[in-house]
Amino acid sequence: TWALITGYGTDKQIGANAHVTGVKTRDYGLVSGGVALGLYDRVELSYAHQDFNTKAVLTAISPTLRDYKLKQDIFGVKLRVLGDAVYDQDKLMPQISVGLQVKDNKDDTVIPYLNGALGSHIKNRGTDFYIAASKLYLNQSVLVNGTVRFTKSNQYGLIGFGGPDGSSYRPEFEGSVAYLLRKDLAIGAEVRTKRGNLRN
């Protein structure tokens, strides 16, 4: 959730973007795909779908849950409110955007189990709100972004929203930095915080 609007369009054009990401570790696997539409470098509309493979983690609940997938749809809208990362690169003002993401968790097994075990009411749907600031340092080939997200989610929504530890919005931080090695190759790092509401 950078402040940038997707696509390569100017303020008189419409741009689009599609992505597929796959991550595989010893304990988990994630596949995410989505599309985004940028309108006149001002508004972005997006959709993403996530499949999170829990592998053997949930077999403690039931052996039948091996390779169980937590699935989630995310619908987003973003509005650029201040600044321009490209044209204002020589100014202190970053590009600032605000947005929201409506998350629809498709799980009908793990969340009901947790509700019974914890005596809570974890929901399958939630909405995140965020404000993001992106700053481009073109001479140094560096892009920096910081985002504050207000959310009720557990594991970014993959285990629902709210729980025994509360159902109020909490701020979480996301930070990114990218360095352009050449015009078609970049390296970077990202960090995100998450707390969740599942303690009992």
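**Figure 1. Surface and overall layout of the protein.** The accessible surface of this predicted model comes to about 11,700 Å², and 59% of that area belongs to carbon and sulfur atoms. Along the principal axes, the C-alpha atoms fill a box of roughly 55 × 35 × 25 Å. Of the 200 residues, 39% count as buried. The secondary structure consists of one helix and nine strands, and reading along the sequence gives the pattern β-β-β-β-β-α-β-β-β-β. If we take the contacts with a separation of 6 or more, 57% of them come from residues 24 or more positions apart.

**Figure 2. The buried side of helix 1.** Here we turn to the helix, which spans residues 110–118. Its buried residues are Val-110, Ile-111, Leu-114 and Asn-115. Why do they lie on the same side of helix 1? They cover an arc of only 135° around the axis, and that puts them on one and the same side. Among the elements that cover these buried residues are strand 4 (69–82) and strand 5 (95–105). Just after the helix comes Gly-119, with a positive phi near 65°.

**Figure 3. The largest nonpolar core.** Which residues make up the largest nonpolar core? There are eleven: Phe-52, Leu-58, Leu-65, Tyr-68, Leu-70, Val-110, Ile-111, Leu-114, Ile-122, Leu-158 and Ile-159. Helix 1 supplies the largest share of this core, with three residues. It is worth pausing at Ile-111 in this view. Setting aside residues up to four places away in sequence, Ile-111 touches Asn-105, Ile-122, Lys-123, Asn-124, Ile-159 and Gly-160. Two of these partners, Ile-122 and Ile-159, are themselves listed in the core.

**Figure 4. An aromatic pair between strands 3 and 4.** A search of the whole structure finds three aromatic pairs, and this close-up shows one of them, formed by Tyr-47 and Phe-75. The pair is tilted, with 5.2 Å from centre to centre and 45° between the planes. Tyr-47 lies in strand 3 (residues 43–53) and Phe-75 in strand 4, so the pair ties together parts that are 28 residues apart in sequence. Are these two rings buried or exposed? Neither label fits: Tyr-47 counts as partly exposed at 30% relative accessibility, and Phe-75 counts as partly exposed at 43%.

**Figure 5. Charged ends over tyrosine rings.** Two places to look at here each bring a charged side chain together with a tyrosine. The charged end of Arg-192 sits over the ring of Tyr-156, at 4.1 Å from the ring centre. In the other, the charged end of Lys-135 sits over the ring of Tyr-137, 6.0 Å from its centre.

**Figure 6. Glu-44 and its surroundings.** Glu-44 lies in strand 3. Is this residue buried or exposed? Glu-44 is buried, with a relative accessible area of 10%; the cut-off for that label is under 20%. Which residues is Glu-44 in contact with, leaving aside neighbours within four places in sequence? They are Leu-4, Ile-5 and Thr-6, then Ala-36, Leu-37 and Gly-38, and finally Gly-76, Val-77 and Lys-78. For a sense of scale, follow the chain onward to Thr-193, which is 149 residues from Glu-44 along the chain. The C-alpha atoms of Glu-44 and Thr-193 are separated by 24 Å.

Key. Residues numbered from 1 in each chain as written. Predicted model: local features only at pLDDT ≥ 70, side-chain atom pairs only at ≥ 80, totals over all residues. Heavy atoms only, no water. Buried < 20%, exposed > 50% of the residue type's maximum accessible area, 1.4 Å probe, protein only. Helix = DSSP H or I, 4+ residues; strand = E, 2+ residues; numbered from the N terminus. Arc of directions from axis to C-beta. Contact = heavy atoms within 4.5 Å. Phe/Tyr/Trp six-rings, centres within 6.5 Å; stacked < 30°, edge-to-face > 60°. Lys NZ or Arg CZ within 6 Å of the ring centre and 35° of its normal. Core = buried A, V, L, I, M, F, W, Y, C linked by side-chain atoms within 4.5 Å. Areas by Shrake-Rupley, 256 points an atom, 1.4 Å probe, with all protein chains shown as cover.
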